[in-house]
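Reader: I am in my first year and still learning how to read a protein model. Could you take me slowly through one part of this one, namely the pairs of oppositely charged side chains and what surrounds them?

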Amino acid sequence: MSRRIIAWDIETVPQPLDSFSYRQQRRHDLMLNDEARRTPEADRDDLSRKVRSLHPMLGWICCISCVRLGAGDQPAEPKSYTAHLRGHESGLLSQFWADIAKVGPALWVTYNGKRFDADWLRVRSAAHGIVPSRRDILDRYPFRHEPHCDLSRVFDCRSGLDDLCDLLGVTSPKGEMHGGIVAEAVAGGRIEDVAAYCEADVRATLECYVRLRGQL
């Protein structure tokens, strides 16, 4: 069986402060104070939403998008798993793990997945008592590109996906929607817009992989 090349990405939103345990509140306050020291001019409510969206014990996953490399090195039709309410996260994760268990041999491609997305999948699945159906997608070893190829680890310099797209001549996925307003979009009932944004990211990630694979 030939190996599939599949890019994936997640979108995250903050858990409500009034749902926090003592341990969560303590973690949140420490992270918030660190952010406030770095950016004292920033609004604390905005910083709170930021730290809750960046730590898997303080936020939840609202979208996972995947796209495989198809014929002619073109991205196939993407697939997204969405949850417009926090209570639906468990169902999103269960369906995702059930589906990828059927994929067969695969190379998983992300941008910053080894430092962010993989850990979120582990932690949020554990929070719901869900056992991941496979381990290859969760690989976080930084010095190899299989079975999980994190494109942010290809070059030893600080950059984002849009920077890599610019370097490689790939159309940037960045538009009106961006990570900073995902929580607002979900709260406003715009989960389809979030999925479209996430799908644009995975398509761009896959196109960058095609241009870089000779160096991997």
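Author: A search of the whole structure, which is a predicted model, finds 12 salt bridges, and a few of them can be followed one by one. As a general point, side chains of opposite charge can pair when their charged atoms come close.

One such pair is Lys50 with Glu35, whose closest N and O atoms are 3.4 Å apart. This pair links distant parts of the chain, since Lys50 belongs to helix H2 (residues 44-54) while Glu35 belongs to helix H1 (residues 22-38), with their positions 15 residues apart in the numbering. The two partners can also be described by their accessibility: Lys50 is partly exposed, with a relative accessible area of 39%, whereas Glu35, at 12%, counts as buried because the limit for that word is under 20%.

Helix H2 also holds a salt bridge within itself, for Asp46 and Arg49 both lie in this helix, 3 residues apart, which is about one turn. The closest N and O atoms of Asp46 and Arg49 are 2.4 Å apart. Here Asp46 is partly exposed at 43% relative accessibility, and Arg49 is partly exposed as well, at 39%.

A further salt bridge joins Arg134 to Asp136, with the closest N and O atoms 2.8 Å apart. Arg134 is buried, having a relative accessible area of 13%, and Asp136, at 18%, also counts as buried. Returning to the helices, salt bridges that share partners join Glu35, Arg38 and Lys50 into one network.

To place helix H2 in its surroundings, it helps to turn to the sheet. An open sheet is formed by 5 strands in the order E3-E2-E1-E4-E5, with mixed pairing. Strand E3 (79-82) and strand E5 (148-150) stand at the edges, where each has a single partner strand, so one side of each is left without a neighbour in the sheet. From one strand to the next, the twist averages 25°. Strand E2 (residues 59-68) pairs with E3 in the antiparallel sense over 4 bridges, and within this region Cys66 stands opposite Lys79 in E3.

Helix H2 packs on this sheet, touching strand E1 (4-14) and E2, and the direction of H2 makes about 145° with that of E1. Helix H3 (residues 89-100), for its part, lies across E2, E3 and strand E4 (106-110), and runs at about 25° to E2. Helix H2 therefore takes part in the salt bridge from Lys50, partly exposed at 39%, to Glu35 in helix H1, and it also packs on the sheet.

Definitions and conventions. Residues are numbered from 1 along each chain as its sequence is written. This is a predicted model: local features need pLDDT of at least 70, side-chain atom pairs count only at pLDDT 80 or more; totals for chains, interfaces and linings use all residues. Side-chain values use heavy atoms; hydrogens and water are left out. A salt bridge is a side-chain nitrogen of Lys or Arg within 4 Å of a carboxyl oxygen of Asp or Glu. Helices (H or I, at least four residues) and strands (E, at least two) are DSSP runs, numbered from the N terminus. Buried means under 20% relative accessible area, exposed over 50%, partly exposed in between (1.4 Å probe, protein chains only). Two strands pair if DSSP finds at least two bridges between them. Axes are lines fitted to C-alpha atoms, for helices over the stretch in contact, and angles run from 0 to 180 degrees between N-to-C directions. Contact means heavy atoms within 4.5 Å.
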